[in-house]
Amino acid sequence: MEDLVQVKYALDTFYFLICGALVMWMAAGFAMLEAGLVRAKNTTEILTKNVALYAIACTMYLLCGYYLMYSSESGGILPSLGFLIGEENTTEAVLAGGEDAPYYSARSDFFFQVVFVATSMSIVSGAVAERMKLWAFLAFAVVMTGVIYPTSGYWTWGGGFLSEAGFSDFAGSGIVHMAGAAAALAGVLLLGARKGKYGPNGEVHAIPGSNMPLATLGTFILWMGWFGFNGGSELKLSDVGEANAVAEVFVNTNAAAAGGAIAALILARLWFRKADLTMVLNGALAGLVAITADPLSPTAFASTMIGAVGGILVVFSIVALDKLRIDDPVGAISVHGVVGIWGLLAVPLSNADATFSAQLLGIVSIFGWVFIASLIVWSILKAVIGIRVSEEEEYDGVDIAECGLEAYPEFTTK
């Protein structure tokens, strides 16, 4: 019996780690997607941001974020302050049995959670692209990954007041994605639009990205990584019921992405008379965000419909934000924010344990906290070091100004 317990512990730990590695690979997806959707003169800087924010997220979550999120009292609002990630499980604790016995490594839990906080921060990088100072962005990443995200994470996955209230978010439509979008929105509002994006009479001027193959590759990487994102959130694999649940999560996640891509493609064709690739890519991502709140309860067809609604919403949202002169080069606020809210509200449609009141409380609490806290941090950074590059640097491209090299130097004439 002890051997069986240890084998199950090893299997669940290994599964958790592999899913974490898949989610880590989403960092490459965000980097490629954003690099493809910005102009060539800003590519090196967006890649630098994505590598650096991942490293900062890992370090800050190790130092204090994980402790804040998972070491506080149940039902509370303010997390307990502390550092580092604690001790590993012992063989005796694993073999003790009972409901409280750990069934995967504590280190695997940290690894799986740390790649989630990096994902949330990655959402911000695309929304503020092409005009934000690199070091202002990285300074914000320190606070976002070390304090802001872990606090609302404690309210939910850490057993805080939202968890006690019955808020349900299986893998993070709100906890990860909407939070990232809220932080991004706060930054974009203070930052302002890119030069030339909007005309004086309400015109919206398209600023095409530099590399659609790269953006498409990034989307497929994210699609693949999402199986770890949602599948790993089942937390366990080592019995028949859990194995079946993981398979259901994979199928529903894939179905929602497909539904979102198809819906966005059809709507773009009807509305713009063109099959807009960027809308299709964002439609697939919207479907993934929408189903993330609960990829287990719906049927596969219902998951497709949930994703399709997300794909429709993201097209309308991208157009609406441009009408409001909120400049988001990659559509991150629409994909992760607007559709993240839809995903949370869709949970009670198939999950009898969820309620609309608890979901609304979670939406307001998480969005309000992250937006206000981020607005304060962005404002401090703006006052102290500035958050926007100069007009000349924006015109020339932030690659040279911030990084000193270009991503495609062979295409540049001097």
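This report covers the enclosed cavities of a predicted model.

**Overview**

Rolling a probe the size of a water molecule over the atoms shows where empty space is left. The structure holds 3 cavities of 30 Å³ or more. The two described here compare as follows.

| Cavity | Volume | Nonpolar lining | Polar lining | Charged lining |
|---|---|---|---|---|
| Largest | about 60 Å³ | 7 residues | 3 residues | 1 residue |
| Second largest | about 50 Å³ | 7 residues | 2 residues | 1 residue |

**The largest cavity**

Four helices each supply at least two residues of this lining: helix 1 (2-37), helix 4 (106-127), helix 10 (277-292) and helix 12 (332-350). Phe30, Leu33 and Glu34 are among the lining residues. So are Ser122 and Ile123. Asn282 and Leu285 also line the largest cavity. Val330, Ala332, Val335 and His336 complete the set. By class, the lining has 7 nonpolar, 3 polar and 1 charged residues.

**The second largest cavity**

Ala290, Ile291, Ala293, Asp294, Pro298 and Ile306 are among the residues that line the second largest cavity. Gly343, Ala346, Val347 and Ser350 line it too. Two elements give two or more residues here: helix 10 and helix 12. Which element gives the most to this lining? Helix 12 does, with 4 residues. The class count for the second largest cavity is 7 nonpolar, 2 polar and 1 charged.

**Shared elements**

Helix 10 and helix 12 each supply at least two residues to the lining of the largest cavity. Helix 10 and helix 12 also give two or more residues to the lining of the second largest cavity.

Methods:
Residues are numbered from 1 along each chain as its sequence is written. This is a predicted model: local features need pLDDT of at least 70, side-chain atom pairs count only at pLDDT 80 or more; totals for chains, interfaces and linings use all residues. Side-chain values use heavy atoms; hydrogens and water are left out. On a 1 Å grid over the protein atoms alone, a cavity is a set of points where a 1.4 Å probe fits but cannot get out, and a pocket is an open set with protein on both sides within 12 Å along at least five of seven lines; lining residues have an atom within 4 Å of a point. Grid points are joined across faces, edges and corners, and a volume is the space filled by probe spheres set on the points. Ala, Val, Leu, Ile, Met, Phe, Trp, Tyr, Cys and Pro count as nonpolar, Asp, Glu, Lys and Arg as charged, and the others, Gly among them, as polar.
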